Amino acid sequence: MANSGLQMLGFVLALLGWVAVIASTIMPQWRMSSYAGDNIITALAMYQGLWMSCAIQSTGQMQCKVYDSILALDASLQATRALMVVGIVLGFLGVGVSCVGMKCTKCGGDDKVRKSRIAMTGGIVFLIAGLCVLIGASWYGNQIVQDFYNPFTPVNTKYEFGSAIFVNWAGAALVIIGGGMLSCSCTKGNSYPKSYPKSKARSKAPSSNKEFV
């Protein structure tokens, strides 16, 4: 029963993290214009995401533009986009595999050992997906830090962490924790009855056929 609860908790955490990763990948607030130092702009806020850049006016109106060319983007941005897509696809596979292997579902037959191994496989897929997402977001965040402290970067073009990157980190952590719980819920196949060798079984048999003289 505890094993089933661990599976359910891990699946829910991984699913919530996967949804957060999808939401953060779509959000344009991966980095926002910095207001540190003399760069004080109150009439306009700039946001840049993985797929588009947005500008918010002081009136609250937001205008977004999708990136025109993929090859013109930075290497860190291209790598992050690729890792996010890989992580989302692996998360989708992890959801399907885990649903088949969980004890609370009827899929995959009645073999508990086989189902637990399938659930463990789904947990491993979740772990790989979470690592891909975490590496991509950390790579992008490292690039933001390097550009911010680069003395050759103009003050009015410096950016800081946006809300989407924090959502992505939190989602990746949930996916990794949930995948770890699913991976630890594998049942060992040692619940079968023990069978004794024939020689021992014969030696233990009662000697009721003795002949008395």
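Start by selecting residues 118–141: this stretch is 100% helix and 0% strand, and its end C-alpha atoms sit 35 Å apart. Keep in mind as you click around that you're looking at a predicted model. The stretch also appears in UniProt, where an unreviewed entry lists 118–141 under "transmembrane region", along with residues 6–27, 39–59, 79–97 and 161–184.

Next, widen the selection to helix H3, residues 112–149, and add helix H4, residues 163–183. How do you describe a pair like this? For two packed helices, you give the angle between their axes and the distance between those axes. Here the axes of H3 and H4 come within 7 Å and cross at roughly 155°. Since angles over 145 degrees count as roughly antiparallel, H3 is therefore roughly antiparallel to H4. Rotate the view a little and check the handedness: H3 passes H4 in a left-handed crossing.

Now hop to another stretch from the UniProt list, residues 79–97. This span is 100% helix and 0% strand too, with 27 Å between its end C-alpha atoms. Pick out Thr80, which lies in helix H2, residues 75–101. Is Thr80 buried or exposed? It counts as buried, because its relative accessibility is 0%. So who is around it? Show the side chains of Trp30, Leu50, Gly136, Ala137 and Tyr140: Thr80 is in contact with each of these, leaving aside its neighbours within four places in sequence.

From there, go to helix H1, residues 2–26, and select Val12. Unlike a residue under the 20% cut-off for buried, Val12 is partly exposed, because its relative accessible area is 36%. Add Leu174 to the selection and draw a distance between the two C-alpha atoms: you should get 9.2 Å, even though Val12 and Leu174 are 162 residues apart in sequence.

Finally, zoom out and colour the whole chain by secondary structure. You'll find five helices and five strands. Reading along the sequence, the pattern goes α-β-β-β-β-α-α-β-α-α. Switch on contacts and look at how far they reach: among those between residues at least 6 apart in sequence, 67% join residues at least 24 apart. For the last stop, turn on the surface. The chain's accessible surface comes to about 13000 Å², and carbon and sulfur atoms account for 66% of that. As for what sits beneath, 34% of the chain's 213 residues count as buried.

Definitions and conventions: Residues are numbered from 1 along each chain as its sequence is written. This is a predicted model: local features need pLDDT of at least 70, side-chain atom pairs count only at pLDDT 80 or more; totals for chains, interfaces and linings use all residues. Side-chain values use heavy atoms; hydrogens and water are left out. UniProt positions are given in the numbering used here, feature names are shortened, and annotations may be inferred rather than shown by experiment. Helices (H or I, at least four residues) and strands (E, at least two) are DSSP runs, numbered from the N terminus. Buried means under 20% relative accessible area, exposed over 50%, partly exposed in between (1.4 Å probe, protein chains only). Contact means heavy atoms within 4.5 Å. Accessible areas come from the Shrake-Rupley method with a 1.4 Å probe; for residues, only the protein chains shown count as cover. Axes are lines fitted to C-alpha atoms, for helices over the stretch in contact, and angles run from 0 to 180 degrees between N-to-C directions. Angles under 35 degrees count as roughly parallel, over 145 as roughly antiparallel, 65 to 115 as roughly perpendicular and the rest as oblique. A crossing is left-handed if the near helix is turned anticlockwise from the far one by less than a right angle, and right-handed if clockwise.
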